[in-house]
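Okay, thanks for coming, everyone. I'll put the sequence and structure up, and then we'll walk through how the pieces pack.

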Amino acid sequence: MSGLYPDNRRVRPTGRMIFYHLGELTLRIGSITDPPTVQITRGVQLHLLDLLDTDIGQTRWPQM
């Protein structure tokens, strides 16, 4: 996978790298008319979420 290092060399992502890049994601809290959104600041974050098969458009409500 490229994009994890500034020089864009291809590497196998480690858990540390994944947490580092995903640790900068922010969640914008929504309201009844405006759903919450994940703010992605770098393309590598979107690529990692895609590899993890994560649908950031799907709202998950906490289980009670």
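Let's start with the helix pair. Helix 1, residues 15–22, packs against helix 2, residues 43–51, at an angle of about 120°, and their axes are 9 Å apart. One thing up front: this is a predicted model, so please keep that in mind as I talk.

Why give you those two values? Because two packed helices are described by the angle between their axes and the distance between the axes. Which word fits the pair, then: parallel, perpendicular or oblique? Angles from 65 to 115 degrees would count as roughly perpendicular and those over 145 as roughly antiparallel, so helix 1 and helix 2 come out as oblique to each other. As for handedness, the crossing of helix 1 and helix 2 is left-handed.

Who makes the contact? On the helix 1 side you have Ile-18, His-21 and Leu-22, and helix 2 brings Val-44, Gln-45, Leu-48 and Leu-49. Sorted by class, that's five nonpolar residues, two polar ones and no charged residues.

Now let me pick out a couple of those. His-21 sits in helix 1. Is His-21 buried or exposed? Its relative accessible area is 3%, so His-21 is buried. Setting aside residues up to four places away in sequence, His-21 touches Leu-4, Arg-42, Val-44, Gln-45 and Leu-48.

Next, Leu-22, also a helix 1 residue. Leu-22 has 19% relative accessibility, and the cut-off for buried is under 20%, so Leu-22 counts as buried. With the same sequence neighbours left out, Leu-22 touches Gln-45, Leu-48, Leu-49 and Leu-52. There's also a C-alpha distance to mention: Leu-22 and Thr-41 are 19 residues apart in sequence, and 9.9 Å apart in space.

Over on helix 2, have a look at Gly-43. Gly-43 is at 57% relative accessibility, so this glycine counts as exposed. How far is Gly-43 from Leu-4, C-alpha to C-alpha? The separation is 9.9 Å, with their positions 39 residues apart along the chain. And remember that Leu-4 turned up among the residues His-21 touches.

Okay, zooming out to the whole protein. We've got two helices and two strands, and along the sequence the pattern reads α-β-β-α. How much of the chain is buried? Of the 64 residues, 16%. The accessible surface comes to about 5,500 Å², and carbon and sulfur atoms hold 57% of that.

Last, contacts. If you take the contacts with a separation of 6 or more, residues 24 or more positions apart account for 25% of them.

That's my tour, happy to go back to any view.

Note on methods
Residues numbered from 1 in each chain as written. Predicted model: local features only at pLDDT ≥ 70, side-chain atom pairs only at ≥ 80, totals over all residues. Heavy atoms only, no water. Helix = DSSP H or I, 4+ residues; strand = E, 2+ residues; numbered from the N terminus. Buried < 20%, exposed > 50% of the residue type's maximum accessible area, 1.4 Å probe, protein only. Contact = heavy atoms within 4.5 Å. Areas by Shrake-Rupley, 256 points an atom, 1.4 Å probe, with all protein chains shown as cover. Axes fitted to C-alpha atoms, helices over the stretch in contact; angles between N-to-C directions. Parallel < 35°, antiparallel > 145°, perpendicular 65-115°, else oblique. Left-handed = near helix turned anticlockwise from the far one by under 90°. Nonpolar A, V, L, I, M, F, W, Y, C, P; charged D, E, K, R; others polar.
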